[in-house]
Protein chains: 2
Amino acid sequence: MTAPATAKRRRPRGRPRSRSADKAIVDATLELLAERGFQAATIDAIAARAGVGRNTIYRRWSGKEELIADAIRELSADLDMNEGDDLYSVLLEWIRDFTRVFSDPLFGRILPAVLGELERNPSFAVAYADRVVRPRREVLVALLERAVERGELRKGADVDQIVDLLAGPPFLRLLPIGLPAVTERYAEELLETIWYGIGPTLDRNP
Amino acid sequence: MTAPATAKRRRPRGRPRSRSADKAIVDATLELLAERGFQAATIDAIAARAGVGRNTIYRRWSGKEELIADAIRELSADLDMNEGDDLYSVLLEWIRDFTRVFSDPLFGRILPAVLGELERNPSFAVAYADRVVRPRREVLVALLERAVERGELRKGADVDQIVDLLAGPPFLRLLPIGLPAVTERYAEELLETIWYGIGPTLDRNP
DNA sequence: GTTTTACGAGATTGAACGTTTCCGTAAAGG
DNA sequence: CCTTTACGGAAACGTTCAATCTCGTAAAAC
């Protein structure tokens, strides 16, 4: 063993990397992605917004793709779900959160901005799926699985499908393809339809 | 009146525009969009695939964006819905069609390919919404409204929401964000969930 | 046959952009 | 003070690509 177990890594010689530059570069990347899309996130524009020189970027990342994939990995989904309430209320709040997050000027605009790149660039897709989609989805899936066991959901329900039902419709509405806008009561109406189904009314508690 | 009512438009002097070049250019544009995305659909690549010179394109369109918007407008949704069957079967077939269309190597790959451009370029979004989304949606909406009137759907159901429930979940599955793949029985399972709802089972006919 | 317009192909221009390199300066250790 | 590494700024290189232009040829009207 050449290195003692107690060794702190010694600080290397010359001037240390600026931590604030690290953050400024990643922030600028995400902001540009969200505000103006993938093509507008040029190295020039990122460096200018971050207030750094281009070589300060290239000293940290080997190229534009690595930078963007890394920046996407910095997106952390905050995953607080108040499980105390009854399931219906929890799901209602989840839909509200989901629509709110996608109106967020930073976080919510990233996916639409990189969607076109996802197909061509699997590393972006993996980064986004791992850091943004999967964590949020796992929390909801686990919650729904417990609900199925407790009998609060239809027996044998496919939780993946339920997640899609909760997320798919509001996601469609956020694409610029001429669909009706999301209204104030959108979450309530959507969940009611999902909960009771679209089939003709049977015996149901009002 | 300067032009007689019976007049065919006289053919202008010189060599006429090649109609087959028109078609070849638009086809090549759509194919490249679908296969390799927006960025790969360069004028050079389009001209090469169409087997025409670049100025043959510029003689017809003022630039790349006009060409692409025009090509998108050529996408026609075929809208056969066999209304004879019962509603449940019709909706089942609709979901199957929808997932099939989005695996279509031409038609279905266009939207993912231009999604990133939609936000930046409203004319693409308008073209796609007008020619692809709206016609398909209108047929389904009309069918659902008639079903509501006949009592085949839950009273007071919001048909826009139902369309989203039918289209949103399969659309999510087709994005490269790590979701489970669409299986053979996907449409059946999805419609069953939508039809009966996710709430705990009440009295229901099996 | 002459004129007119379209054609495919290639050369050219100009802008955007990723990437590298160099400069003078700043911040750290020795 | 000297060396080392980082910094912001700017210049430069190479590539890609939209857009324009030129050339010899083809297809139509007259």
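How many residues of chain B are in contact with how many residues of chain A? In this predicted model, 52 residues of chain B are in contact with 52 residues of chain A. On the side of chain B that touches chain A, the elements giving two or more residues are α6 (107–120), α7 (122–149), α8 (159–173) and α9 (186–196), each belonging to chain B. Of these elements, α8(B) gives the most to this side, with eleven residues. When the residues are sorted by class, the side of chain B that touches chain A has 28 that are nonpolar, ten that are polar and 14 that are charged.

From the contact between the chains we can turn to the DNA, beginning with strand C. Around DNA strand C there are 27 residues, and the closest are Gly63(A) from chain A together with Gly14(B), Arg15(B), Gly53(B) and Thr56(B) from chain B. Two or more residues of the surface near this strand come from each of α2 (43–50) and α3 (54–58) of chain A, and likewise from α3 (54–58) of chain B. By class, the surface near DNA strand C consists of eleven charged, ten polar and six nonpolar residues.

The other strand to consider is DNA strand D, which 27 residues surround, the closest being Gly14(A), Arg15(A), Gly53(A) and Thr56(A) of chain A and Gly63(B) of chain B. Here α3 of chain A, along with α2 (43–50) and α3 of chain B, each supply at least two residues of the surface near the strand. Sorted by class, the surface near DNA strand D has eleven charged, ten polar and six nonpolar residues.

How values were computed:
Residues are numbered from 1 along each chain as its sequence is written. Chains are lettered from A and ligands numbered from 1 in the order in which they are written. This is a predicted model: local features need pLDDT of at least 70, side-chain atom pairs count only at pLDDT 80 or more; totals for chains, interfaces and linings use all residues. A residue is near a molecule or strand if its C-beta atom, placed from the backbone, lies within 6 Å of it. Helices (H or I, at least four residues) and strands (E, at least two) are DSSP runs, numbered from the N terminus. Ala, Val, Leu, Ile, Met, Phe, Trp, Tyr, Cys and Pro count as nonpolar, Asp, Glu, Lys and Arg as charged, and the others, Gly among them, as polar. Two residues are in contact if their C-beta atoms, placed from the backbone, lie within 7 Å.
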